[in-house]
Each structure stands twice: as C-alpha cells, then as structure tokens.
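Good morning. Please have the model open on your screens, and I will walk through a few parts of it.

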Amino acid sequence: MDAKITLAVDDASPIPAADDANAPASAGRRTFIKAGGGLALAVWMGLPPALAADKKTAAGATLTPNAFVRIAPDNTVTVVVKHLEMGQGTFTGLPTLVAEELDAAWSQIKVEGAPADAKRYNNLFWGPTQGTGGSTAMANSFEQMRKAGATARAMLVSAAAKRWNVPAGEITVKDGVLRHAASGRQASFGELADAAAKEAVPETVVLKDPKDFVLIGKRVGRTDSAAKVNGSAIYTQDLKLPGMLTAVVAHPPRFGARMARYDAAPALAVKGVVAVLPIPSGVAVVAKDFWSARQGREKLQVQWDETGAFAGGSDSIIADYRQLAQKPGLVARNDGNSAQALGNADKVVEATYTFPYLAHAAMEPMNAVAHFTGDALEIWNGEQFQTVDQITLGKAVGLPPEKVTLHMLFAGGSFGRRANPHSDYLLEATHIAKGLADQGKRLPVKLVWTREDDTSAGWYRPIYVHKLVAGLDKAGQIVAWQHRIVGQSIIAGTAFEGALVKNGIDGTSVEGAANLPYRIPNLTVDLHSPTQPVPVQWWRSVGATHTAYSTETFLDRLFKEAGTDPVAGRRALLTGHPRHLAALELAAKQAGWGTPLAPGKAGEQRARGVAVHESFNTMVAQVAEVTRRGDGSFTVDKVTCAVECGLAINPDVVRAQMEGGIGYGLSGALFGAIHVDKGAVRERNFDAYRVLRIDEMPHIDVHIVPSAGAPTGVGEPGTPVIAPAVANALASLTGEWTTEQPFIKAKA
C-alpha cells in the first residue's frame with residue numbers, strides 16, 4: 001500500500017504506552033458474539049483490561065504496542081475505547097480506525113471500554129482530562145487511533161521479516177494475514193503476536209493514503225448492535241454484584257430546601273429495608289431490592305427546612321429576563337457599529353424569544369453502583385466524565401483520585417446529563433456507600449433514580465430569553481444585527497469556569513450567536529448571566545439549541561421583509577464559509593427547494609422551511625416539509641438533512657446520528673418544557689414531559705457532503721437545526737414566527 005503521511009509518535013496526539021502491569025483482574029467480563037454476514041464481533045463492556053487473563057489462557061505473549069491495541073495469540077485484536085458508548089457509535093468508529101491502519105479483518109476485532117486513567121486515555125481536546133462530550137470522540141481520536149493501529153502493524157511486519165528473512169517492504173498485510181508473495185510464506189496476527197511483542201515500538205509510523213482506505217468511509221456493522229438487540233448488553237441497571245443493595249433517595253420538594261429531621265422507623269419497618277441514611281442531597285433508603293427501597297421511601301417521614309428554598313418559578317424568571325433584555329450586557333462580539341447602523345436603517349425588525357427549562361430525558365434514568373471499602377472506592381455506571389468524577393468522589397470519601405476505580409458500562413443515552421460537572425448522582429451513590437461502610441456494611445450499593453426522580457430533581461437546560469434587533473437598507477440588505485441573550489451560566493462554579501468563561505462571558509451561552517457566519521457589517525452580541533437556584537447543565541448541542549433557533553428564524557423574518565428567498569438569501573450571506581454553503585446547497589438540492597410540493601388533502605397547506613447551523617465544528621443544513629391543517633395543527637412530514645462533518649468514517653453511523661438528533665431536537669421543539677412552580681418542578685414523567693412518539697417521526701433523508709477534511713463530531717449537531725427549519729416552514733404559510741418553545745403547549 002502507499003504511504004505518504006509520516007507522523008511522530010510523540011506529537012499532539014500521542015499514543016500512550018501500554019501499562020498493564022497494574023491492571024486489575026477481569027471480574028465479570030461479558031463476551032458477546034455477533035454472528036451474521038460472516039462476521040464475529042465481540043464487545044467486552046464495563047470491565048478492566050483483560051490482558052492478564054489473556055496471558056494466562058493463550059500460548060505465547062500478547063502484543064501490546066500501546067494502550068489501545070492488544071493482539072493475542074488466538075488472533076483476536078482487542079481495541080480499547082476511551083469514550084463512553086451511549087448510542088453514538090464510539091465502539092464502532094474508533095475500532096474502525098485501528099483496524100484500518102492495522103489491516104485487520106473486521107471479524108477479529110473485539111472492543112473493550114477503557115478504565116479511568118487520564119494519563120493514557122485523556123480526551124486530547126480537553127487536556128489532561130478523560131471524558132466523553134462535545135461530540136469530540138472521533139475528532140480527538142482520529143490520528144491517535146490510526147497511529148495505534150499502524151504501530152502494531154509495523155511491529156508485526158518487522159517480526160515477519162525477521163522470521164522469514166525477507167525485506168519488510170516485500171510483506172503485505174490484508175484481513176489480518178501477513179504474506180510474502182515471492183516465498184509464499186504467510187502468517188496470521190496471532191501466529192506472530194509473540195514474536196512481534198519482542199520488537200521495539202517504532203518511534204514513527206506511516207499512515208495510509210486515504211485512497212487506500214478499506215474500512216474508513218464504508219459501512220461497517222456496529223459492534224454493539226447484537227448485544228443491545230438480544231438484551232445481553234450490560235447497563236448499570238443490569239449489574240448484579242454479590243451482596244449488592246439497592247438505594248433510592250428522598251429529595252427535597254423544592255430547590256434550596258434542606259432536610260431538617262426524619263423518622264426512619266416507618267421505612268425500616270418495610271420488609272427488605274436495611275438502612276436509612278441522611279446524605280447531603282436528601283435521605284437515602286437502602287434495601288435488598290428496588291421495590292423494598294421504593295416502598296420504604298414512601299413510608300419515610302421527612303421534615304424539610306424550606307426557609308431558604310426557592311419560591312419562584314419559570315414565569316417569574318422569564319419575566320425578569322425580559323426586563324433584563326432591555327439593558328446592555330457583556331459584549332461577546334462587536335463588529336462595526338450596530339447602534340449607528342440601526343439608526344440609519346430604512347426598516348428595523350425586532351423579536352424576543354423565550355426558551356424553557358429542558359430535561360435530558362435519557363431512556364435509562366440516572367443510576368450507579370458504588371462500593372466503598374474504606375481504602376478504595378469502585379463505581380460502575382455509564383461513565384462519561386472519568387477525571388472529574390474521580391476527583392469529586394475521591395474527595396467525598398477522603399481518597400486520592402487514583403483510589404477511585406471507575407468501570408464504564410453502556411449508557412442508555414445521556415444527552416449531556418451523565419457528564420455532570422458536580423458528579424451529582426454519583427456523589428449520592430458514594431455518600432450512600434460510605435454511610436453503609438460506616439455502619440459496618442461494606443457492600444456494593446446500586447443507586448436508582450426513577451423517571452420521576454430524574455424529571456423532577458435533575459439538572460436542566462436553562463431558561464433563555466433572546467432579544468434580536470436588525471436593520472435593513474432600501475435594497476433589503478441587512479446592515480445591522482443586535483443579539484442580546486439572557487440565561488443562567490452552566491459553567492460558572494464548575495471546574496470548567498477558568499477555561500470556558502472569559503471576561504464574565506460563558507462561551508456556551510453565546511455559541512452559535514457570537515460566531516454567526518453571515519456577512520453582516522455591523523453586528524453585536526451581548527450577554528446577561530443571572531444566577532438562579534435551579535440546577536442547570538449542558539443539554540445536547542448546548543448553546544446551539546437556542547441560538548440556532550433565534551438566529552435562523554429571525555433571519556427568515558428579515559428575508560420575508562426584503563422579499564428574498566431563504567436559500568438564496570443565506571447563500572449570499574455565507575460567502576467565505578464554504579462548509580456552511582456546501583451543506584446548504586446539498587440540502588436544498590436534495591429537498592427540491594424551489595419546486596412545488598405535492599398538494600395536501602382538502603383544507604391542508606404544505607410548505608418547506610430551511611435552516612443551517614454550525615455546532616462542534618460540524619455544519620448541518622435541514623429542509624423541513626410540513627403540513628398544516630385548517631385547525632392549526634400540523635405534522636412534520638419529511639426532513640432533508642445535509643451534513644458537512646469532514647471525512648465520514650462510517651456513513652451509516654453519521655446518518656443514524658443525524659436521524660437521532662433530529663428526533664431529539666423535534667421532541668424539545670414541539671413538546672419540551674420543564675415548568676418550575678413555587679420552587680418545584682411540575683412534570684414527573686413522560687405523560688407530562690412529552691417526547692416524540694415513533695409514529696410522529698418524520699421521514700428523514702440524510703446526505704453527507706464529500707470531504708477529505710479531518711472528521712468532526714456528529715453526535716449533537718443534528719439537533720439544533722430542526723426547530724428553526726420547522727418554524728420557518730410554518731411561518732411561510734402563516735406569516736408568523738413562533739417565538740416561544742415548545743410549539744405545542746401542554747394541557748394545564
């Protein structure tokens with residue numbers, strides 16, 4: 001194969017050396033075999049590296065050139081993935097990179113979740129921190145995992161060359177077999193693993209020319225699908241450990257309330273309940289099983305001190321924010337002189353938008369298993385934030401971070417919730433485990449948040465109010481744009497404040513607005529970040545979830561005022577942004593923009609709406625087709641989506657992420673709202689906090705912009721674009737743009 005890229009190992013994306021000497025033994029590894037299509041893929045989840053076990057059971061040494069690859073004498077290639085698999089495809093995409101450069105057969109690849117170890121498995125975009133988020137998994141691992149595979153390949157080739165006494169350059173590798181054509185010699189990876197393990201790890205490796213890719217850019221079957229379909233995949237809720245107890249927590253009824261006193265006797269009288277423990281966030285009821293714990297919580301008597309509790313609600317917060325939006329905030333961007341340009345404009349357009357609190361509503365509510373033994377703490381969960389959690393949980397029990405072992409299991413969705421900078425539910429589990437240990441019960445305990453717990457006592461996407469004012473000249477050109485955002489900071493007070501809050505501006509609050517790509521000569525963005533007692537954190541796509549909506553619908557309003565076609569208008573303003581333009585053009589072309597839509601039934605109107613937005617360095621454009629009936633109700637019939645995400649490692653995964661992101665974004669736009677009344681959340685479950693039903697999912701047509709650029713993230717960028725695309729479609733029929741979400745209000 002040709003090789004034109006040479007990268008030093010010790011560069012910006014290093015390959016950590018394997019350090020298996022201290023790896024804990026595999027205690028409960030589960031192996032799953034997928035049979036079908038001639039493939040056999042194994043996924044090992046939630047357990048520490050199994051290298052020690054491999055050494056015991058296989059003849060010869062295992063090749064471990066770095067922290068990401070192990071090639072065993074049984075011819076299996078184990079790829080260690082440092083990022084959580086929560087549905088976004090990391091357990092397929094990252095092994096693809098290794099297999100590609102290794103020239104392994106996909107059938108011999110096994111996948112294993114990495115242990116918590118920031119020295120080896122840090123997110124390269126986050127510095128010395130291990131974690132999954134911000135759609136960074138593929139983008140930060142692209143070169144690192146390829147080099148990990150290429151390093152192993154080079155060692156195998158070197159070993160074969162010595163064994164066969166032939167030049168290394170004459171050896172080819174394909175589907176896990178090394179061959180020397182002239183001599184007719186060949187050997188599998190497994191046959192050479194022992195010899196390759198004695199080779200020196202090369203300081204530099206040569207990566208493939210993209211034209212030689214065999215797996216990258218192709219559809220490769222997901223490694224986790226079979227286990228998730230047949231039910232053998234291990235999530236936290238499935239985990240059972242010897243002697244394990246189950247806990248639920250009674251949380252305060254209002255934000256800011258505290259436990260004053262409690263009577264444990266009624267709870268302890270419930271059969272199966274073994275302990276009642278006060279913890280900083282409430283009172284935990286611990287039992288031999290979940291049902292007993294829940295029954296015990298219902299019997300538990302707690303008096304709450306509400307003297308410092310929040311007494312306000314969503315309506316009062318929004319009203320306050322609307323007042324605050326009348327005053328200038330901290331300036332995040334200032335191009336030209338927007339105030340002067342507004343004063344000289346021929347027409348001024350103004351709109352104010354409100355966005356509610358949103359819950360993450362992951363399919364698997366929060367849960368974790370904790371086991372505190374006095375000198376060590378072990379945690380099992382869908383682990384998303386290893387380094388932060390190790391530090392926080394270690395402090396809670398008086399241990400250094402390295403004494404906190406985290407076992408990464410599958411996660412049934414997250415959407416940002418499991419990457420809580422305060423480690424909220426993990427901290428609860430840790431406090432409960434420590435409380436049990438203090439009573440002499442050094443047993444593992446599973447903390448379970450019910451759907452109601454997660455909806456009513458969770459952490460939320462904040463309320464935001466946006467005020468936009470723009471000026472048009474006589475020709476309909478946008479000459480001024482002022483965008484003011486009011487919303488609680490999700491970063492202030494966290495470990496990320498130093499990196500993400502600059503000059504008082506939380507970058508996540510203004511992303512998508514401060515980096516607006518459109519060519520507008522006078523543009524100002526400013527921000528107010530009032531504090532509130534409601535706990536908040538990032539939600540899928542973070543700031544783009546509200547800025548995409550306000551900017552893209554406001555832009556359509558201006559085009560309407562100017563008589564400009566929405567696609568043509570965007571095209572004219574995106575000069576200098578070829579990736580945005582490429583996504584826009586592809587979506588418009590595939591959607592048939594400008595061509596008539598098929599008519600609806602009698603009394604129905606149909607229309608298209610378009611939006612384009614960047615989040616996490618990925619550009620997504622969507623065209624939504626809607627049908628509006630005479631009574632004002634509507635359906636979203638079809639969404640044509642185009643994504644510019646650099647090189648698509650696995651187009652099928654990219655499409656799936658766009659589809660999922662659109663469904664998730666549509667849920668929030670149509671139905672999503674958490675209402676706080678007198679300091680308490682009104683919603684409890686999916687009956688009140690609606691998510692999109694399967695029969696409400698539109699037909700989605702995803703197209704990928706061809707690109708040779710480095711891959712960017714796809715886990716989140718599909719989400720923020722759908723709401724403005726739908727709103728713009730509806731507005732083209734009614735002439736009115738919805739300025740409040742959700743579009744469909746819950747019944748009082």
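Start with Q386, which is buried, with a relative accessible area of 1%. Buried means under 20% relative accessible area, exposed over 50%, and partly exposed in between, with a 1.4 Å probe and protein chains only. Before going on: this is a predicted model, where local features need pLDDT of at least 70, side-chain atom pairs count only at pLDDT 80 or more, and totals for chains, interfaces and linings use all residues. Residues are numbered from 1 along each chain as its sequence is written, and side-chain values use heavy atoms, with hydrogens and water left out.

Q386 sits in helix 11, residues 386–397. Helices are DSSP runs of H or I with at least four residues, strands are runs of E with at least two, and both are numbered from the N terminus. Leaving aside residues up to four places away in sequence, Q386 touches K82, A116, Q130, G131, L406 and M408; contact means heavy atoms within 4.5 Å.

Next, the largest nonpolar core. A nonpolar core is a set of buried Ala, Val, Leu, Ile, Met, Phe, Trp, Tyr and Cys residues joined through side-chain atoms within 4.5 Å. This one has 104 residues, and Y357, W481, F554 and V726 touch the most other members. Helix 20, residues 719–734, gives the largest share, eight residues. Why does the core lie between domain 2 and domain 3? Because both domain 2 (236–308 + 366–448) and domain 3 (314–358 + 460–734) give residues to it. The domain bounds come from an automatic or database domain assignment.
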